[in-house]
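Me: I am new to this structure. Please choose one part of it, look at it closely, and then follow it outward to what lies around it.

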Amino acid sequence: MSKLETPLKEDVVQSLRLGEEVYLSGKIYIMRDATLRRIFEQGVAPPVNLKDQVVFFGAPSFTKDSNGYTILSVGVTTSQRMEKYIPRLLNELGVKGIVGKGELSERMNPEFSRAKSVYLLFVGGAAALATSSIQRVNKVWWEDLRGEALFEVEVNSLGPAFVAIDAQGGNLLMENREKVLRNLNALLKEE
């Protein structure tokens with residue numbers, strides 16, 4: 001298990017291995033489809049420098065009052081929908097870690113390797129767990145996107161998350177699928 005502080009340093013990212021359990025503390029950025037479309041399809045520069053930062057794919061429900069924003073709930077969302085934006089997030093904006101749900105295609109392995117970045121799996125359906133790690137909301141940009149706006153939050157021990165694609169381009173879920181297929185084929189030959 002590793003306790004990581006954000007922003008992520010390259011030597012720390014390089015040391016992470018497939019399947020390693022990690023907990024994140026510090027500043028992270030929550031975004032999903034609408035924010036990514038605004039940045040990459042509409043050509044609007046992000047209002048914050050994302051170099052070496054961690055992006056959490058999600059869309060919080062929140063309230064806003066005179067004291068600021070409060071996130072009521074945020075769960076991780078399926079990363080595959082954001083896959084077309086991931087290479088640019090990593091290579092153009094310098095993001096070092098993405099927290100998401102589910103498998104990414106094999107095409108993403110060299111993207112994470114080239115950018116010396118990691119993809120971290122968070123358990124789907126565990127919004128209460130993710131939300132409990134949020135200490136405060138620092139800023140919200142593009143509020144017109146509502147829950148899909150860009151959120152900067154402070155987290156304490158966000159996790160567990162697991163290294164699913166490491167900075168060497170290894171892919172945990174693909175390796176596990178291959179092992180399962182090998183075992184299945186071996187079992188079928190025994191019958």
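Reply: A salt bridge and its surroundings

Asp33 and Arg81 form a salt bridge, with their closest N and O atoms 3.1 Å apart. Asp33 sits in helix α2 (residues 33–40) and Arg81 in the loop between β5 (68–73) and α3 (86–91), so the pair ties together parts that are 48 residues apart in sequence. A salt bridge here is a side-chain nitrogen of Lys or Arg within 4 Å of a carboxyl oxygen of Asp or Glu. Helices (H or I, at least four residues) and strands (E, at least two) are DSSP runs, numbered from the N terminus.

This is a predicted model, in which local features need pLDDT of at least 70 and side-chain atom pairs count only at pLDDT 80 or more, while totals for chains, interfaces and linings use all residues. Residues are numbered from 1 along each chain as its sequence is written, and side-chain values use heavy atoms, with hydrogens and water left out.

The two partners differ in cover. Asp33 has 12% relative accessibility and therefore counts as buried, whereas Arg81, with a relative accessible area of 38%, is partly exposed. Buried means under 20% relative accessible area, exposed means over 50%, and partly exposed is in between (1.4 Å probe, protein chains only).

The loop that holds Arg81 can be followed through two further residues. Thr77 is found in the loop between β5 and α3 and is buried, with a relative accessible area of 11%. Residues up to four places away in sequence aside, Thr77 touches Arg32, Phe57, Gly58, Met82, Gly100 and Lys101; contact means heavy atoms within 4.5 Å. Glu83 also has its place in the loop between β5 and α3. With a relative accessible area of 6%, Glu83 is buried, and beyond its neighbours within four places in sequence it is in contact with Leu104, Ser105, Arg107 and Met108.

Now the strands. Met31 belongs to strand β2 and, at 0% relative accessibility, counts as buried. Its contacts, leaving aside neighbours within four places in sequence, are Leu36, Leu50, Val55, Phe56, Phe57, Gly58, Leu89, Ala149 and Leu150. Phe57 thus appears in the contacts of Met31 and also in those of Thr77. As for Ala115, which is 84 residues from Met31 along the chain, the C-alpha atoms of the two are separated by 20 Å.

Strand β2 (residues 21–31) runs parallel to β3, and three bridges join them. Two strands pair if DSSP finds at least two bridges between them. The bridge partner of Met31 in β3 is Phe57. β3 also pairs with strand β6 (residues 97–100), again in the parallel sense and over three bridges; there Phe56 has Val99 as its bridge partner.

Which way do the side chains of β3 point? From strand β3 (residues 54–57), Val54 and Phe56 point one way and Val55 and Phe57 the other, and all are buried. In a regular strand the side chains alternate between the two faces of the sheet.

The salt bridge at the start is one of a set: by the rule given above, the count comes to twelve salt bridges. Another one joins Lys51 to Asp52, whose closest N and O atoms are 3.7 Å apart. Lys51 has a relative accessible area of 49% and is partly exposed; Asp52, at 22% relative accessibility, also counts as partly exposed.

A further salt bridge links Arg114 with Glu111, at 3.2 Å between the closest N and O atoms. Both residues lie in helix α4 (residues 108–115), three residues apart, which is about one turn of the helix. Arg114 is exposed, with a relative accessible area of 54%, while Glu111 counts as buried at 14% relative accessibility. Back at the starting pair, salt bridges that share partners join Arg32, Asp33, Arg81 and Glu148 into one network.

Lastly, the record. The UniProt entry, which is unreviewed, carries the annotation "domain: Fe-S hydro-lyase tartrate dehydratase beta-type catalytic" over residues 4–172. UniProt positions are given in the numbering used here, feature names are shortened, and annotations may be inferred rather than shown by experiment. Over residues 4–172 the chain is 21% helix and 36% strand, with the end C-alpha atoms 20 Å apart.
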